[in-house]
Amino acid sequence: MTAELHVLHTGYVGAEDESGMRVGSTVVYVAQGDAHVIVDPGLVASTSAILDPLRGLGVDPEQITDVVFSHQHIDHTLNAALFPAARYHDFAAVYQGDLWRDDDAEGRRLADDVSLIRTPGHTNEDISTVVRTADGLVVCTHAWWFEGGPEEDPYAPSQDLLREARERILGLEPTLVIPGHGAAFAP
Ligand SMILES: [Zn+2]
Ligand SMILES: [Zn+2]
């Protein structure tokens, strides 16, 4: 049995006006065996936008074992505390309760078919979640905000680094890429 993956919330970046800007994180749930993983529990209009679809799959927030941060911008981390039993993963460490364990995320395995790779690009701290599903390989990543790019990422420390990240991900020949602020797309 490969892993199963569900997009709980499709992210977006709205236009800016006097009151600010609407930003939503793409939030993903991945399950395999005992592992119940949430990727990027960031900005959503209401926490029900994460919890309702999760409960719809028969999963309570207390059952989540792992939370992955694609990087440390607040739009992908704000709702991390919804999952009280989880370990929290970023590029350099695993956190749980008051425990901080340094561990390079490259190759970190969360389940047989769920692992993390370092993909510095959008920031120097970016990681991508690589999931083998029955429908092929799926990569959750902020190397793209949405299907169209942006071609140049204004946050990227260098566009060359971003290009390398995208090439590495495409080199895995994923069936689907799930970007930080948009719907899944076939590359
Ligand atoms: Zn970001
Ligand atoms: Zn973002």
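# Exercises on a predicted model

In this predicted model, seven strands build an open sheet of mixed pairing, ordered β1-β4-β5-β6-β7-β8-β9. Its edge strands, each of which pairs on one side only, are β1 (4-9) and β9 (99-102). From one strand to the next, the twist averages 20 degrees.

## Exercise 1. The sheet and helix α1

Determine which strands helix α1 touches and what angle its direction makes with that of β1.

*Solution.*
1. Helix α1 comprises residues 48-56 and packs on the sheet.
2. The strands touched by α1 are β1 and β4 (27-32); of these, β1 is an edge strand.
3. The direction of α1 makes about 145 degrees with that of β1.

## Exercise 2. The surroundings of tyrosine 88

Locate tyrosine 88 in the fold and establish whether tyrosine 88 is buried or exposed.

*Solution.*
1. Tyrosine 88 belongs to strand β7, residues 87-89.
2. Strand β7 is joined by two bridges to β8 (residues 93-96), and the two strands run antiparallel. Across this pairing, histidine 89 stands opposite valine 94 in β8.
3. A residue counts as buried if 20 or more other C-beta atoms lie within 10 Å of its own. Tyrosine 88 has 20 other C-beta atoms within 10 Å and is therefore buried.
4. With neighbours within four places in sequence left aside, the contacts of tyrosine 88 are Val67, Phe69, Ala80, Val94, Tyr95 and Gln96.
5. Threonine 65 lies 23 residues from tyrosine 88 in sequence, and their C-alpha atoms are 8.7 Å apart in space.

## Exercise 3. The length and faces of helix α2

Check the span of helix α2 (residues 159-171) against the value expected at 1.5 Å a residue, then identify the buried residues of α2 and the exposed residues on the face turned away from them.

*Solution.*
1. The expected span is 1.5 Å times one less than the number of residues. Because α2 has 13 residues, it should span 18 Å.
2. The end C-alpha atoms of α2 are 18 Å apart, which agrees with the expectation.
3. The buried residues in α2 are Leu162, Ala165 and Ile169. Viewed down the helix axis, the buried residues fall within an arc of 60 degrees, so they line one face of α2.
4. On the face turned away from this buried side, α2 carries the exposed residues Asp160, Glu167 and Gly171.
5. The cover over the buried residues of α2 includes β12 (127-133), β13 (136-141) and β14 (176-179).
6. Just after α2, glutamate 173 adopts a positive phi of about 55 degrees.

Key: Residues numbered from 1 in each chain as written. Chains lettered and ligands numbered in written order. Predicted model: local features only at pLDDT ≥ 70, side-chain atom pairs only at ≥ 80, totals over all residues. Helix = DSSP H or I, 4+ residues; strand = E, 2+ residues; numbered from the N terminus. Buried ≥ 20, exposed ≤ 12 C-beta atoms within 10 Å, placed from the backbone. Arc of directions from axis to C-beta. Contact = placed C-beta atoms within 7 Å. Pairing = 2+ DSSP bridges. Axes fitted to C-alpha atoms, helices over the stretch in contact; angles between N-to-C directions.
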